[in-house]
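Reader: I'd like a close look at one part of this thing, the place where the two chains come together. Could you walk me through it, and through whatever leads into it?

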2 protein chains.
Amino acid sequence: MSPMAPEELERQIRAVGAERYHDKHPFHRLLHSGKLDKGQVQAWALNRYCYQATVPRKDAALMSRTTDRELRREWVHRVLDHDGSGEEEGGIERWLVLTDGLGLDRAYVTSIAGALPATRFAVEAYVKFVHERSLVEAIASSLTELFAPSIHRERIAGMLEHYDFIDDKVMAYFRRRLSQATRDADFALDYVKRHATTRELQELCVEAVRFKCHVLWAQLDALHHAYVTPGLIPPGAFRPEQAP
Amino acid sequence: MSPMAPEELERQIRAVGAERYHDKHPFHRLLHSGKLDKGQVQAWALNRYCYQATVPRKDAALMSRTTDRELRREWVHRVLDHDGSGEEEGGIERWLVLTDGLGLDRAYVTSIAGALPATRFAVEAYVKFVHERSLVEAIASSLTELFAPSIHRERIAGMLEHYDFIDDKVMAYFRRRLSQATRDADFALDYVKRHATTRELQELCVEAVRFKCHVLWAQLDALHHAYVTPGLIPPGAFRPEQAP
């Protein structure tokens, strides 16, 4: 099979998002339309912290794999965006502003002791994927960022409108990601289109986006099962009624 | 066995440097005292490029392993120092100014095609060590930087004095490392003294410094064997008489 045109590869990648990005998950619909109570929003925020805190490790793993200095110079922005640098607090700190605002204890959140096991497994699977797959697949797995700005806009508007415990200050993380995610996704998409030069690699890149959608979706499935229906919270995981 | 006092650990780490840091290698004595010809200095610079280019991968690997955001925020400076960031060119680029100044073709240098196999094996062993050992051992393996400023000072003075093909501009790499290496080594030493809390870990940390000294020493052994005595250049490696 001959390679696809780069535009066809982009179309297939975007089609994965249209079909299975986590904006379609029922938990997000509940979250954005004000149907969750504060305990459920807390559960979401503290589990999602796990993902946020893991992203720079994933990005550093990617950097450790490439001898291309220009690629590392570009990619390190992601690490700096999340971890912060000097005066700039970074995305993880902005996420903790959200969990603070929800009344969660910061040491409890950062310990990830209350996170669902399924959350931890999903985020570690992401790090492992980036460690082990080809570099272009590792880069392709970041491409869910193509779909992030619209969910962030929906989330900011929806959560501000519907929850009296959410204000503009705690939504800073999502505002910042509107511009960061767009820049990052443009770079990564261009890289994948230029470097996935065989049909096999192109298909692996589409599969990498599908994999990453699974990583995101599985986290919401676990939240939904534990905190919505049937509400079966696993042993040791965060229980809203015991929130500080 | 109870843990050593942190001061004793530091003493043992410094003793490793006193015994086996690569400032003691005959090749460096030849290099710094003007006893090498231009082809031998070229061979040194293009092999050492291999090491320089690998260091940010090693540092990114270390970052990918830690959930400690403060540690990543500190460690990322090493990546930025080597790869550069924005207008700042970075240490690898400064190294290429040196190889340019020695009349080596930049594409040939960065391809590492002419580097000795033993150089490549040594630097990859360093990356692997940082991937696989405990975090505190990985950090300890950077502590040869404690011993670097004196060799850099000796090198700057010696090479400027003895070689007419070396000028101040091409020595910029070493001048910059005088301050960077000191800051980095202070942080890493403090980290190791605080986190190697059992006798076993402490001994592993001393061993990590020894390992790193091997990584550096083995590179000079290979250079000495290929380009000094007996002058047996392996097939495919750089041959001075064919330098561009």
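Author: Here is a walk through the contact between the chains, followed by the helix behind it and a few spots further out.

Keep in mind that this is a predicted model. Let's begin with the contact as a whole. Chain A puts 26 residues into it, and chain B puts in 26 residues too. Together the chains bury about 1,900 Å², with carbon and sulfur atoms giving 51% of that area. On the chain A side, the residues that lose the most area to chain B are A:Arg57, A:Arg69 and A:Arg73, which together make up 31% of what that side buries.

Now for the polar side of things. There are 12 residue pairs in polar contact between chain A and chain B, counting pairs with both residues at pLDDT 80 or more. On chain A, the elements that give two or more residues to the side touching chain B are H3, helix H4 (69-83) and helix H5 (91-101). H3(A) supplies the largest share of that side, 8 residues.

Next, the charges. Side chains of opposite charge can pair when their charged atoms come close. Between chain A and chain B the count is 4 salt bridges, while the count over all chains comes to 50. One that you can pick out is A:Asp83 with B:Arg72, where the closest N and O atoms are 2.7 Å apart. This pair crosses between the chains, running from helix H4 of chain A to helix H4 (residues 69-83) of chain B. Both A:Asp83 and B:Arg72 are buried. Another salt bridge has the side chains of B:Arg69 and A:Glu93 meeting at 3.4 Å, N to O.

Since H3(A) gives the largest share of its side, that helix deserves a look of its own. H3 of chain A covers residues 38-65, and at 1.5 Å a residue its 28 residues should span 40 Å; the end C-alpha atoms are 41 Å apart, so the two values agree. Along the way H3(A) bends by about 30° at A:Thr54, and the proline A:Pro56 follows within four residues. At the start of the helix, a side-chain oxygen of A:Asp37 comes to within 3.1 Å of the backbone nitrogen of A:Gly39. Of the 28 residues in H3(A), 26 are buried, so the helix is largely enclosed by the rest of the structure.

Over in chain B, you can go through H3 step by step as well. For H3(B), residues 38-65, the expected span is 40 Å and the end C-alpha atoms lie 41 Å apart, which agrees. H3(B) bends by about 30° at B:Thr54, with the proline B:Pro56 following within four residues. Its N-terminal end is capped by B:Asp37, which has a side-chain oxygen 3.2 Å from the backbone nitrogen of B:Gly39. H3(B) is mostly covered, with 26 of its 28 residues buried.

H3(B) also takes part in a salt bridge inside its own chain. The side chains of B:Arg57 and B:Glu124 meet at 3.1 Å, N to O. B:Arg57 sits in helix H3 of chain B and B:Glu124 in helix H7 of chain B, so the pair ties together parts that are 67 residues apart in sequence. B:Arg57 has 10% relative accessibility, which is under the 20% cut-off, so B:Arg57 counts as buried. B:Glu124, at 37%, counts as partly exposed. Salt bridges with shared partners also link A:Arg69, B:Glu93, B:Asp100 and B:Arg106 into one network.

A few backbone details are worth finding on screen too. In chain A, the peptide bond from A:Thr229 to A:Pro230 is cis, with omega near 5°, and A:Pro230 belongs to the segment after helix H11 (199-227). In chain B, the bond from B:Thr229 to B:Pro230 is cis, with omega near 5°. Look as well at A:Ile112, which has a positive phi of about 50° although it isn't a glycine. A:Ile112 lies in the loop between helix H6 (106-111) and helix H7 (117-132) of chain A, and it is partly exposed, with a relative accessible area of 28%.

Key:
Residues are numbered from 1 along each chain as its sequence is written. Chains are lettered from A and ligands numbered from 1 in the order in which they are written. This is a predicted model: local features need pLDDT of at least 70, side-chain atom pairs count only at pLDDT 80 or more; totals for chains, interfaces and linings use all residues. Side-chain values use heavy atoms; hydrogens and water are left out. The expected span of a helix is 1.5 Å times one less than its number of residues. The bend at a residue is the angle between axes fitted to the seven residues ending there and the seven starting there. Buried means under 20% relative accessible area, exposed over 50%, partly exposed in between (1.4 Å probe, protein chains only). A polar contact is a pair of N or O atoms within 3.5 Å; within protein, one must be able to donate a hydrogen and the other to accept it, and residues adjacent in sequence count only if both atoms are side-chain atoms. Contact means heavy atoms within 4.5 Å. Buried area is the accessible area (1.4 Å probe) that two parts lose on being put together, summed over both.
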